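Trainee: Before we go over the whole chain, I would like a close look at a single part of it, with every criterion spelled out. Please keep to what the model itself can support.

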Amino acid sequence: MDFGAFDLGAMDIGAVVTLIGGLVFLGLVVLAIRKMATKQIGAGDSDGDAEEEALAREALGVPDAPIGALPPGHPEAQDQPTESATAKPISPTPAASAEGRRPMRKGLEKTRKGFMAQINQLLFKALDENLVDDLESIMITSDIGIRTTERVLEDLRGQLSRKEIRDPSVVRARLEARVRELLGPPAAPLAWQHEPTVMMVIGVNGVGKTTTIGKLAARLVQDGKKVVLAAGDTFRAAAVEQLEIWGDRSGALVVRGPEGADPSSVIYEAIQKARSIGAHACICDTAGRLHTKVNLMEELKKLRRVMNKAQAGAPHEVMMVLDATTGQNAIAQARQFKEAVEVNSIALTKLDGTAKGGVVVAICDELGLPVRYVGIGEKVEDLRDFDPDEFVEALFATPEAEPQMANAN
Ligand SMILES: Nc1nc2c(ncn2[C@@H]2O[C@H](COP(=O)(O)OP(=O)(O)O)[C@@H](O)[C@H]2O)c(=O)[nH]1
Ligand SMILES: [Mg+2]
């Protein structure tokens, strides 16, 4: 009996210990789940979250969420959808305000951490005769490109004395000045005054043409401009739908044709529409791939001719979109397009997602075309006018400037 009572007591203690252990474990599991859930809901702060979100969006083929507001009383707000065009006003979102803008430095974080961190490391270690050779390999791996790198280094060797070339601050300053020179002057701003100013947007699939058009449309509408978008990428049904989503959100009219329509007829119609409503801008999306490269180039030439027929002098701007993450490949692509059509400017996307931001320097230097816009994220406010001064400042920002950057964000 005693033995039995003792046994029972021992079992009680064991059960209590197990119970407490179980409860603690359960509590930990609940805490972990709550933490994960909060992280998902508040996504976007850390790089990993933003990346996951971007991947999900990319998989869905949906452009980014927060889009800029239509100003109250904007003429477009009154437009009713027509059979080939839609325009819906959208409510203001704080994310599109100037305060919510991501600083250029933030967009260049990966490049700076790759390129500048290596250069700084190099310049602050014991300096020797190999300094310039080491600089060369860093610049080439940052996609500044062999030709441009050679040009910069020749200048460093030629301009600096033996003593100066051992002084990190002198080398750094000279490098910065030379990179700034190679970027050339900023692109002349577009006036959007031709009623409409016709912009043709070209580039291979996936570089960000449609997204850039959407961001630009939102910006123009916010500036009080009437905008028509031409769904000229009729090769993929999803491309038309994607443009319509951007049109819907930004308050631009989207002109589309039936499935498989001839892109020239869609673009012709869009320019006509833009003229008839007195739009300031008609931005034409185009296909990035056809059955063959020759087909694509021939079509782009034809589209140019059609635009000029719809409105003498159009297109006023042919903007080529390049994806910065493809580095030197972007330059090879650009050369092919340049052979087919006269290109006026570049929009360089996805600078946020690459350590290869140095490609901007090679683009300006080797292609001789101004970079008009840069994409530093998927949000509407992440399309920025390319300002060479700001770019160089962001690229060469010293590590001490980092905390400020975090605050500004
Ligand atoms: N991170 C980042 N993603 C971008 C940027 N611009 C475009 N994208 C993404 O790139 C993908 C392809 O863009 P899309 O506009 O469809 O390319 P298109 O085929 O040239 O029209 C989409 O997932 C976009 O959200 C950018 O500046 N930064
Ligand atoms: Mg597209």
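Across which strands does H9 lie, and at about what angle does it run to E3?

Mentor: This is a predicted model, in which local features need pLDDT of at least 70 and side-chain atom pairs count only at pLDDT 80 or more, while totals for chains, interfaces and linings use all residues. Residues are numbered from 1 along each chain as its sequence is written, and chains are lettered from A and ligands numbered from 1 in the order in which they are written.

H9 lies across E2 and E3, and its direction makes about 160 degrees with that of E3. Such angles run from 0 to 180 degrees between N-to-C directions, with axes taken as lines fitted to C-alpha atoms, for helices over the stretch in contact. Helices (H or I, at least four residues) and strands (E, at least two) are DSSP runs numbered from the N terminus, and the chain holds 15 helices and 8 strands.

To place this corner, begin with the sheet, which is open, has 8 strands in the order E3-E2-E4-E1-E5-E6-E7-E8, and is mixed in its pairing; two strands pair if DSSP finds at least two bridges between them. Strand E3 (253-255) and strand E8 (383-385) are at the edges with a single partner strand each, so one side of each has no neighbour in the sheet. From one strand to the next the twist averages 25 degrees.

Strand E2, residues 227-230, pairs with E3 in the parallel sense over 3 bridges, and E2 also pairs with E4 in the parallel sense, over 4 bridges. Residue by residue, leucine 229 has valine 254 as its bridge partner in E3, whereas valine 228 has cysteine 282 as its bridge partner in E4 and stands opposite leucine 253 in E3. H8 packs on the sheet as well, touching E2 along with strand E1 (197-202), strand E4 (281-284), strand E5 (317-323), strand E6 (345-349), strand E7 (371-375) and E8, and its direction makes about 165 degrees with that of E2.

The side chains of E2 deserve attention, for in a regular strand the side chains alternate between the two faces of the sheet. Here Val227 and Leu229 point one way and Val228 and Ala230 the other, and all are buried, where buried requires 20 or more other C-beta atoms within 10 Å of the residue's own, exposed 12 or fewer, and partly exposed a count in between, with C-beta atoms placed from the backbone. Leaving out neighbours within four places in sequence, leucine 229 is in contact with Ile213, Ala217, Leu243, Gly247, Ala252, Leu253, Val254, Ile283 and Asp285; contact means that the C-beta atoms of two residues, placed from the backbone, lie within 7 Å.

The residues of this corner also belong to a wider assembly. In soluble globular proteins, nonpolar side chains tend to be buried together. The largest nonpolar core has 89 residues, and Ala217, Val228, Leu229, Cys282 and Ile283 touch the most other members. Such a core is a set of buried Ala, Val, Leu, Ile, Met, Phe, Trp, Tyr and Cys residues joined through C-beta atoms within 7 Å. Across the chain of 409 residues, 41% are buried, and of the contacts with a separation of 6 or more, 76% join residues 24 or more positions apart.

Returning to the helix, arginine 249 is in H9, which spans residues 237-250, and it counts as buried because it has 24 C-beta neighbours inside 10 Å. The C-alpha atoms of arginine 249 and alanine 217 are 9.7 Å apart, although 32 residues separate the two along the chain.

H8, residues 209-222, also leads to the ligand, since H8 and helix H2 (47-60) each supply at least two residues of the shell around ligand 1. Of the 24 residues around that ligand, Gly208, Lys209, Thr210, Thr211 and Gly375 come nearest, where a residue is near if its C-beta atom, placed from the backbone, lies within 6 Å.
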